[in-house]
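User: Please take a close look at the interior space of this model, and at the parts of the chain that surround it. A connected account, including how far the model can be trusted, would be appreciated.

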Amino acid sequence: MIQESVHRTGRLTEKKVRTARDIKVPPLLNEGPEVVGMMTVVIGNGGSLDVAVRNVADSGPALSAEMFRRVVDRADTRIEADMKSSLTKELSQLRDGAAAYSMAIHMVMSAAEAREAGERERTLRDASEIALSGLREAGKAYSSSLNAPCMAVFGVGIMMPMSILPMLSISGIFGSQSIGMGQLAVITLVLIPAIVVAVMASIREKNPFMPSGKTGNNYGYLLPLASAAPVYLALAAAGAGPVTAGCIGCAAGGAILFISVYPGYKRETARRRRAGALEDAVFEMGNRLIAGEGFEDALTGSIGAREECGPVAEALRRELSICRGDVRSAITAAIAPTSPTVADTVCGIYDAGLKDLRDAGRLALSVGRQLKDQETVRRGIRSDLRGMMDTMFSTAAVFAPLVLGLSTSMLTPLTAISGDGGFSGTTAVLMVYLAELCVMIAALVSFLEGNARTENVARRIGMMLPVSMLVFLISTNFGF
């Protein structure tokens, strides 16, 4: 769509713009609770709607920030009379499925106009509940929609190679011409993965919990997989067969990959645990402020009371001692590396405390409750998806290589009887396919989890690939 837009320079230009109707609904619903929380920090402190909208436009989640920037631009250039009318118009253009997001923001707008603090707090709480309900419904809808595509991945990506391709390769013993090794390789290594990748793309597209902005993927995390090549060459030079050398090489590459990314995974796990503890600390800080403690004592005391947050509490005390009165910068420097959301929240509570510490305490209680409610909803959605994720993971790591390996063991004598010259070619193709399957399922499980960063996919590959290759190698050597 082409429309005229007025820049702050005063010149009229023509450019292609994206409207609210172009935004996908599920990811927007995922951002709703965070947006309401950011606006609550400002409006619960008695701030204006104008400041709250600009805060989301500057540092909000990707889709909402894009939308709120359009709101700010129209208000600043006087295309709309004020920020409220600009925001109302933007919300009216959202798709029908985004009703929960729109209603939550409208409730925040109503809270901004409330005269009494109690009424404002109740309205903001209602806005948070509406946003969480929208997220909960989006999670349930996504979970219920996964059965068909995941069964398609299971059927096409796993059952087809298990039940059809080995039989096709020896179909000559039943009186028909068997397919060639080249055809078998194309079907197994190209056609089936292409179908699986297409289904995975649709699953990723529908996931409301995938980050909307750039993830900053670093594909260098996958480089340790290249160590499989020298291991394979060394084993082949030592006289090992291609399947044995390939399985051990892939297993070694996967193990080295896992070892290389595991320390980062442990650090990220610890950071997430600290971030959850910091959210609890926000709620406790509210109780301390209402009880009459000073802001710095309440903040450092609530954070320091949690064992996971010991390094954060120490950094906070150090920053507060050298900040020369710039408490906001001290809070950001100490807390933002663990949780930028909590850091922004605490800064907003600090601003409220400059006016009245008890009001700041009530704001901390309200925002702290919102943060924990968000985590509760997201944890419930992850639990709903856990069964599907575990099934796909265990199938690729154990079930598929076990059945394929046993199938080749049983079919090898039949190929010898038929005079086809052995089954080693098909076994090698299936080995390569199992490696591809581990990569695809690692990506799929990461998509289901809503974390498609390269290091997360690499860790899952490193967990599955060695197990899959060793199970396949052992099962192919059973004698029948």
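Analyst: A cavity is here a set of grid points where a 1.4 Å probe fits but cannot get out, and its lining residues have an atom within 4 Å of such a point. The model is a predicted one, and a search of the whole structure finds three cavities of 30 Å³ or more. The largest cavity holds about 50 Å³ of space.

Its lining consists of R125, S128, E129, S366, R369, Q370 and D373. Two helices, helix 6 (117-144) and helix 16, each supply at least two of these residues. The largest share, four residues, is that of helix 16. Since helix 16 spans residues 357-418, S366, R369, Q370 and D373 are the lining residues that fall in that range. As a general rule, residues three or four places apart in an α-helix point the same way, because there are 3.6 residues a turn. In chemical terms, the lining has no nonpolar residues, three polar and four charged. R125, E129, R369 and D373 form the charged set, while S128, S366 and Q370 count as polar.

Further along helix 16 lies T395. T395 has a relative accessible area of 6%, which is why it counts as buried, the cut-off being under 20%. Beyond its neighbours within four places in sequence, T395 is in contact with F154, I158, A400 and P401.

Burial also marks helix 2 (residues 49-59), where L49, A52, V53, V56 and A57 are buried. These residues lie on the same side of helix 2, because they cover an arc of only 135 degrees around the axis. They pack against helix 1 (25-43), helix 3 (62-76), helix 4 (83-92) and helix 5 (99-112).

As for confidence, the protein chain has a mean pLDDT of 83, with 88% of its residues reaching 70 or more. Among its elements, helix 10 (residues 228-237) has the highest mean, 93, and strand 1 (residues 2-6) the lowest, 39. Over residues 1-16, pLDDT stays under 50, and the model has 26 contacts there beyond four places in sequence. Residues 171-176 also remain under 50, with seven such contacts. None of the lining residues of the largest cavity belongs to residues 1-16 or 171-176.

Technical notes. Residues are numbered from 1 along each chain as its sequence is written. This is a predicted model: local features need pLDDT of at least 70, side-chain atom pairs count only at pLDDT 80 or more; totals for chains, interfaces and linings use all residues. Side-chain values use heavy atoms; hydrogens and water are left out. Buried means under 20% relative accessible area, exposed over 50%, partly exposed in between (1.4 Å probe, protein chains only). Contact means heavy atoms within 4.5 Å. On a 1 Å grid over the protein atoms alone, a cavity is a set of points where a 1.4 Å probe fits but cannot get out, and a pocket is an open set with protein on both sides within 12 Å along at least five of seven lines; lining residues have an atom within 4 Å of a point. Grid points are joined across faces, edges and corners, and a volume is the space filled by probe spheres set on the points. pLDDT is the predictor's confidence in each residue, from 0 to 100. The arc is that of the directions from the helix axis to the C-beta atoms.
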